[in-house]
Amino acid sequence: MTVLPAITALRTAGERGDADAVAELLAPDVVFHSPISARLRFEGKAEVAALHRDIFAVLADLETTEPLVRGDTGSFTFRARVRGVELEAMNVIRVDAQGRIVECKVYARPLPSLATLFSALPPRVAARRRGRLTGVLVALATRPLAFVLRAADRVAPKLV
């Protein structure tokens, strides 16, 4: 089966912020690879759908582009805002013979935007998975990094 129908539906769901529509596209054994850390994967339809609820809660103004497709794999780029900071990303998905998404990888840039996503998303996910206190601790650990990288992004180009 071609990946195009799955990508088209995923793009539509993303632009609407509809995690339930994303859930309908996922295979039971889907794996989502985090753009934030190679050590973090989300596995299974329920967990990946819940992750998309968290993602859509922190992203604003999400817009996608036309996909590139080859065989069972396709990709599309998107732009969104995280806490007012523009994020650019590429979503690469692979589908099974039934056209369900079995793997998703997201690559994001620029680094200050990724750091802002890092300060917004993991605390929310941690609170959902491990409790509110863990979410607060993760937020305390991640927010300084986002601040430093946004500040460096403003200053470094003037010095180079």
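**Close-up 1. Thr 77 and Met 90 are bridge partners, with Met 90 in β6.** This view, like those that follow, shows a predicted model. The pairing of β5 with β6 is antiparallel and extends over 10 bridges. Strand β5 covers residues 73-82, and β6 covers residues 85-95. The two strands make a hairpin in which 2 residues separate them.

**Close-up 2. Arg 83 sits in the turn of the β5 and β6 hairpin.** The loop that holds Arg 83 runs between these two strands. Arg 83 is not a glycine, yet its phi is positive, at about 50°. With a relative accessible area of 46%, Arg 83 is partly exposed, because the partly exposed class lies between the buried limit of 20% and the exposed limit of 50%.

**Close-up 3. Strand β4 pairs with β5 in the antiparallel sense.** Strand β4 consists of residues 68-70, and 3 bridges connect β4 to β5. Val 69 is placed opposite Gly 74, a residue of β5. The hairpin of β4 and β5 has 2 residues between its strands, and Gly 71 in this hairpin has a positive phi near 60°.

**Close-up 4. Strand β3 also runs antiparallel to β5.** The two strands are joined by 4 bridges. Thr 64 has Phe 78 of β5 as its bridge partner. Asp 61 belongs to β3, which spans residues 59-64. The phi of Asp 61 is positive, about 55°, although this residue is not a glycine. Asp 61 has a relative accessible area of 57% and is exposed.

**Close-up 5. Phe 32 and Phe 42 form an edge-to-face aromatic pair.** The whole structure contains 2 aromatic pairs. In the pair of Phe 32 and Phe 42, the ring centres are 6.3 Å apart and the planes make an angle of 70°, an edge-to-face arrangement. This pair connects distant parts of the chain: Phe 32 is in strand β1 (residues 26-33) and Phe 42 is in strand β2 (residues 41-43), 10 residues apart. Phe 32 is buried, at 4% relative accessible area. Phe 42 is buried as well, with a relative accessibility of 4%.

**Close-up 6. Phe 76 and Phe 78 form a tilted aromatic pair.** The centres of the two rings are 6.5 Å apart, and the planes meet at 45°. Phe 76 has a relative accessible area of 5%, which makes this residue buried. Phe 78 counts as buried too, at 10% relative accessibility. Phe 78 is also the bridge partner of Thr 64.

**Close-up 7. A cis peptide bond links Arg 109 to Pro 110.** The omega angle of this bond is about -15°. Pro 110 is located in the loop between β7 (101-109) and α4 (111-130).

**Close-up 8. A nonpolar patch on the surface includes Leu 140.** The patch is formed by Leu 133, Val 136, Leu 137 and Leu 140, and their accessible area together is about 420 Å². Leu 140 is part of helix α5, which covers residues 132-159. The relative accessible area of Leu 140 is 61%, so this residue is exposed.

Methods:
Residues numbered from 1 in each chain as written. Predicted model: local features only at pLDDT ≥ 70, side-chain atom pairs only at ≥ 80, totals over all residues. Heavy atoms only, no water. Patch = residues over 30% accessible without salt bridge, like charges linked within 9 Å, V, L, I, M, F, W, Y side chains within 5 Å. Areas by Shrake-Rupley, 256 points an atom, 1.4 Å probe, with all protein chains shown as cover. Salt bridge = Lys/Arg side-chain N within 4 Å of Asp/Glu carboxyl O. Buried < 20%, exposed > 50% of the residue type's maximum accessible area, 1.4 Å probe, protein only. Pairing = 2+ DSSP bridges. Phe/Tyr/Trp six-rings, centres within 6.5 Å; stacked < 30°, edge-to-face > 60°.
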